[in-house]
Amino acid sequence: MQVTETLSQGLKREFQVLLAANELEERLTSELSTLKDKAQIKGFRPGKVPVAHLRKLYGRSVMADVLQNAVNEANQKIVTENNLKLALEPKIEFPGEQSIVERALDSKADVSFNVALEVLPTFELADLSDVSLTKQVAKPSDEEVDEAITRMASSNRAFSPRDEGAAAETGDRVTIDFVGRIDGTEFEGGKGEGVDLELGSGSFIPGFEDQLVGAKVGEQRVVKTTFPEAYGAEQLAGKDAEFDVTVTAIQAPGETKIDDELAKGFGMESLDKLKEAVSNAIGGDFEAQSRRKLKKDLLDALDTKYAFELPPSLVHQEFAAVWAQVEQDLKTRGKTFEDEGTTEEKATAEYRKIAERRVRLGLVLAQVGETADIRVSDDEVNQALMARVRQFPGQEQQVWDFYRKNNQALAELRAPIFEEKVVDHVLAQVKLVEEPVSKEALFADEDDTSETADAKGEAGSTSDGTDEALPAVAKAD
C-alpha cells in the first residue's frame with residue numbers, strides 16, 4: 001500500500017492510496033484460504049474445497065471485502081502517521097471508470113483511490129485570569145413556597161356532585177362529550193366522550209371553558225372558538241372551530257386544606273417537612289436558571305477569546321441541523337421570515353454565524369477537556385441512563401436495551417455530562433462573584449436570552465444565546 005499526500009491546504013488534506021495488483025491478489029488468497037476451513041459446499045469435505053473453486057464462487061464478494069478493509073487500513077495509516085485529528089469521517093473516492101474497479105476485483109489491475117479529509121484546528125488555550133463573571137443567586141421566599149403548596153392543594157382537592165339543576169361555575173369540574181368541526185367537517189382529535197375539564201384551568205384552547213360557565217347537566221351548547229396561530233397541529237392553527245358540547249356531570253371543588261394531612265398525602269411527615277421539600281425544589285429550579293445564565297456569560301466570554309479557522313464540513317453540518325429546526329418551527333407556527341421581521345437571506349447569515357460560534361466553542365471545550373484529562377465514568381453514564389429510563393414508565397426495559405445496544409445513544413447521554421464537567425473546570429479559572437437577586441431578576445428577559453435559542457435554532461431569535469447543545473465534537477471524552 002502506497003500513500004501519497006496530494007493536498008495540504010488549511011484544514012483540508014487529500015491523499016492518494018495505491019494498491020498494487022499483486023497485493024490485492026495476496027489479500028484475496030489469504031481471505032479465501034481462511035474461508036476454505038469454514039465453507040461447507042456440497043460435494044466437498046470440510047476444509048477440502050479447492051481455493052480455485054472458492055475463488056470462482058466467492059472471489060468477487062471477498063475482493064469487495066478486501067477493498068473495504070484496505071480503505072479502513074489506509075485511513076488508519078493516514079491518521080496515525082500524520083498525527084491527524086479528524087473533524088469528520090474521511091471521504092473516499094474511487095476512480096470514475098467502473099472498469100478499473102471491476103478489473104481490480106478480478107485481481108488484474110492496480111487500484112487507487114483518493115482520501116479527502118478535514119482536520120481539527122490547533123490553537124492555544126486562552127488565559128482566563130482576566131475574565132470576571134457574576135452568578136445571580138435567588139432564594140425562594142416564604143410567599144413563593146406558600147403559593148406552590150396552595151397550588152398543590154388545589155390540584156389534589158376532592159370534588160363532589162353539585163345539586164340537581166345547578167349551573168357550572170368557574171373552578172367546577174365538568175364532564176363533557178364533544179364533537180369539533182371546522183367549516184362543517186369533523187377533524188381528527190376533535191372528538192371526546194366523558195372528558196373531565198376544570199373550568200378556568202386553561203386546559204383547553206382559549207375561550208372554550210368560558211363558554212361552559214353557567215351550563216347545566218344535560219345541556220347542549222355550541223362552543224365557538226379559534227385555535228391559536230402557534231397551535232401544535234399545523235392543520236388546525238389559526239382555524240375557527242365549532243364544538244357541539246354536552247355536559248354530563250358537574251362537580252364542585254371541596255375545601256382546600258393546607259395541613260399535616262395534606263403533607264402526608266404527598267409522602268411527608270408534616271406540613272413543615274412539605275414546605276422544606278417544596279423550598280428545596282424551587283431552589284433547585286432557581287439554581288438551574290442561575291447556572292444557565294452563568295454558562296451563557298461564560299460561553300460569551302470564551303467566544304471573545306478565540307479566533308481560528310473552522311472545518312467547513314463541521315460548520316455546514318451544524319448549520320444544516322440548526323436551519324432544519326428553523327424551517328420546521330416556522331412551518332409549525334405558520335410563519336414566514338417576513339412575519340419575523342427579516343428575510344431568508346438575513347436569517348441564513350445570522351444562523352450561519354450561530355453555527356460557526358457553536359462549532360468554535362465546541363472545539364474549545366473539547367480541547368479544554370482533553371488538556372485537563374476530564375473523563376466521564378461509567379457510573380455517571382449509568383446514572384444518566386437510569387434517569388432517562390425513569391422518563392418512560394412501563395417501557396423501562398425497552399429503553400434500557402435500546403441504549404445498551406446503541407453506542408451513539410449512549411454517547412448522547414455521556415456528552416452533556418462531559419460538557420458540564422468542562423464548564424465547571426473553566427469556571428474555576430475565572431473570577432466569580434455571587435449576586436443575590438430576586439426571582440424576577442433571575443428570570444428577567446428569559447425569552448430574549450434563552451439558553452437554547454441558537455442551539456435549537458428557534459426562528460425569530462436574534463440572541464446568540466448560549467450553547468446548551470454544542471456540537472458532538474465538543475463532547476468527545
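Let me begin with one residue, Ile92, which counts as partly exposed because its relative accessibility is 32%, where partly exposed covers the range between buried, under 20% relative accessible area, and exposed, over 50%, with a 1.4 Å probe and protein chains only. Before going on, I should say that this is a predicted model, in which local features need pLDDT of at least 70 and side-chain atom pairs count only at pLDDT 80 or more, while totals for chains, interfaces and linings use all residues. Residues are numbered from 1 along each chain as its sequence is written, and side-chain values use heavy atoms, with hydrogens and water left out.

Ile92 lies in strand E3, residues 91-93; strands here are DSSP runs of E with at least two residues, helices are runs of H or I with at least four, and both are numbered from the N terminus. Leaving aside neighbours within four places in sequence, Ile92 is in contact with Val71, Asn75, Phe113, Asn114 and Val115, contact meaning heavy atoms within 4.5 Å. For one of these partners, Val115, the C-alpha atom is separated from that of Ile92 by 4.9 Å, although the two residues are 23 apart along the chain.

Now to the protein as a whole. Its secondary structure comes to 12 helices and 11 strands, and buried residues make up 36% of its 477 residues. Among contacts between residues at least 6 apart in sequence, 70% join residues at least 24 apart. The protein exposes about 27,300 Å², of which carbon and sulfur atoms supply 46%, the areas coming from the Shrake-Rupley method with a 1.4 Å probe, and for residues only the protein chains shown count as cover.

Two further residues bring together separate stretches of sequence. Thr226 lies in strand E9, residues 220-226, and is partly exposed at 37% relative accessibility. Not counting residues up to four places away in sequence, Thr226 touches Gly238, Lys239 and Asp240, and its C-alpha atom is separated by 6.2 Å from that of Gly238, which is 12 residues away along the chain. Thr150, in helix H4, residues 142-155, is also partly exposed, with a relative accessible area of 35%; from C-alpha to C-alpha, Thr150 and Ile258 are 7.3 Å apart, with their positions 108 residues apart in sequence.

Let me turn to charges. Side chains of opposite charge can pair when their charged atoms come close. Counting a salt bridge as a side-chain nitrogen of Lys or Arg within 4 Å of a carboxyl oxygen of Asp or Glu, there are 26 salt bridges.

In one of them, the side chains of Asp244 and Arg181 meet at 2.5 Å, N to O. This pair links distant parts of the chain, with Asp244 in strand E10, residues 240-253, and Arg181 in strand E7, 63 residues apart. Asp244 is partly exposed at 36% relative accessibility, and Arg181 is partly exposed with a relative accessible area of 28%.

Another salt bridge joins Asp300 and Arg357, whose closest N and O atoms are 3.0 Å apart. Asp300 lies in helix H6 and Arg357 in helix H8, so this pair ties together parts that are 57 residues apart in sequence. Is each partner buried or partly exposed? Asp300 is partly exposed, with a relative accessible area of 23%, whereas Arg357 is buried, with a value of 2%.

A third pair stays within one helix: Glu261 and Lys264 meet in a salt bridge of 3.7 Å, N to O, and both lie in helix H5, residues 260-265, 3 residues apart, about one turn of the helix. Glu261 is exposed, with a relative accessible area of 55%. There is also a network of salt bridges that links Arg291, Lys295, Glu419, Glu420 and Asp424.

Helix H6, residues 271-303, holds Ser290 as well, and this residue counts as buried because its relative accessibility is 3%. Beyond its neighbours within four places in sequence, Ser290 is in contact with Lys135, Gln136 and Leu442.

Last, two loop residues. Asp183 sits between strand E7 (173-182) and strand E8 (185-198), with phi near 55°, a positive value in a residue other than glycine, and it is exposed at a relative accessible area of 78%. Asp373, in the loop between H8 and helix H9 (378-389), likewise has a positive phi of about 55° although it is not a glycine, and it counts as partly exposed at 47% relative accessibility.
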